[in-house]
Amino acid sequence: MAKATVRARQTGQKDKPKLYRVGRARTGLGLFATVDIPSGKLLIEYTGTRIPTREAREIDRRRANKYLFEIDNRFTIDGSARSNLARYVNHSCDPNTEAESNRGRMMFRTVRKIAQGEEITLDYGEEHMELYFGPAGCLCDACKAAKRKAAKIKLKKARVKRASARRVDR
Ligand SMILES: [Zn+2]
């Protein structure tokens, strides 16, 4: 009986088209849209064991588990299990999903249209970045574009400086 139930559930899952897949991202693995996804859609649940938030903060202090997702000051989800596909969603400062908690569950909802093949991202917030990002800081597309722009401005300034130096020489 239990086996039949499991089999039925597995078949059901197979028939349901997946909106995302795990794939290679800039930093390890990421989650990518397999179809165009509209804005405002509940996309994926962040699943895992619920632990007391007090305990989770203690673990964070040791930087021991980057998959802790706080629901509120009572409960936190430990989403480190590989079965939790939402753990593959990488951080972006310009994300295409937002997390919302509803009765102790944590769901990611799209905040704009996501094109097929696009990486699914979420803003994990300053505290997470401070704890778990390396000295290079954030490497998301938005930050890389900002850094490129800053580097270009710097380069332009350096060129202007060199040009004016040459003029002085003459
Ligand atoms: Zn960023």
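In the predicted model, strand β1 (residues 20-24) is joined to β2 by five bridges, and the two strands run antiparallel. Within this pair, G23 has G30 of β2 as its bridge partner. The two strands form a hairpin with four residues between them, and G28, which lies in the turn, has a positive phi of about 75°.

The hairpin belongs to a protein whose secondary structure comes to four helices and ten strands. Read from the N terminus, the elements follow the order α-β-β-β-β-α-β-β-β-β-β-β-α-α. Of the 170 residues of the protein, 19% count as buried. Among contacts between residues at least 6 apart in sequence, 64% join residues at least 24 apart.

Confidence in the prediction was examined next. The mean pLDDT of the protein is 88, and 89% of the residues reach 70 or more. Over residues 3-13, by contrast, the pLDDT is below 50. In the model this stretch has zero contacts beyond near neighbours in sequence. Where pLDDT is low, the predicted coordinates should not be read in detail.

A second antiparallel hairpin is formed by β8 and β9. Strand β8 (residues 97-102) is joined to strand β9 (residues 105-110) by six bridges, and E98 stands opposite R109 in β9. Two residues lie between the strands of this hairpin. R103, in the loop between β8 and β9, has a positive phi of about 50° although it is not a glycine. R103 is exposed, because 5 other C-beta atoms lie within 10 Å, and a residue with 12 or fewer such neighbours is classed as exposed. A positive phi of about 50° is also found at R63, which is not a glycine either. R63 is located in the loop between α2 (53-61) and β5. With 10 other C-beta atoms within 10 Å, R63 is likewise exposed.

The strand that follows this loop takes part in an open sheet. The sheet contains three strands in the order β4-β6-β5, and the pairing is antiparallel. Its edge strands are β4 (49-52) and β5 (68-70), each of which pairs on one side only. From one strand to the next, the twist averages 35°. The pairing of β4 with strand β6 (residues 75-78) extends over four bridges in the antiparallel sense. The bridge partner of I51 in β6 is T76. In a regular strand the side chains alternate between the two faces of the sheet.

Attention then turned to the interior. In soluble globular proteins, nonpolar side chains tend to be buried together. The largest nonpolar core of the protein has 19 residues, of which Y46, V89, F108 and I120 touch the most other members. At least two residues of this core are supplied by each of β2 (29-33), β3 (42-46), β5 and β9. When residues up to four places away in sequence are not counted, Y46 touches F69, I77, G79, N84, A86, M106 and F108. The contacts of Y46 thus include F108, itself among the core residues that touch the most other members.

Two further positions, P95 and H128, were considered. P95 is found in the loop between β7 (90-91) and β8. P95 is buried, because 21 other C-beta atoms lie within 10 Å and the class of buried residues begins at 20. With residues up to four places away in sequence left out, P95 touches T121, L122 and D123. The C-alpha atoms of P95 and I120 are separated by 7.7 Å, although the two residues are 25 residues apart along the chain. I120 is one of the core residues that touch the most other members.

H128 has its place in helix α3 (residues 126-132). H128 counts as partly exposed, with 16 C-beta neighbours inside 10 Å. A separation of 9.6 Å is found between the C-alpha atoms of H128 and H91, which are 37 residues apart along the chain.

Terms used
Residues are numbered from 1 along each chain as its sequence is written. This is a predicted model: local features need pLDDT of at least 70, side-chain atom pairs count only at pLDDT 80 or more; totals for chains, interfaces and linings use all residues. Two strands pair if DSSP finds at least two bridges between them. Axes are lines fitted to C-alpha atoms, for helices over the stretch in contact, and angles run from 0 to 180 degrees between N-to-C directions. A nonpolar core is a set of buried Ala, Val, Leu, Ile, Met, Phe, Trp, Tyr and Cys residues joined through C-beta atoms within 7 Å. Two residues are in contact if their C-beta atoms, placed from the backbone, lie within 7 Å. pLDDT is the predictor's confidence in each residue, from 0 to 100.
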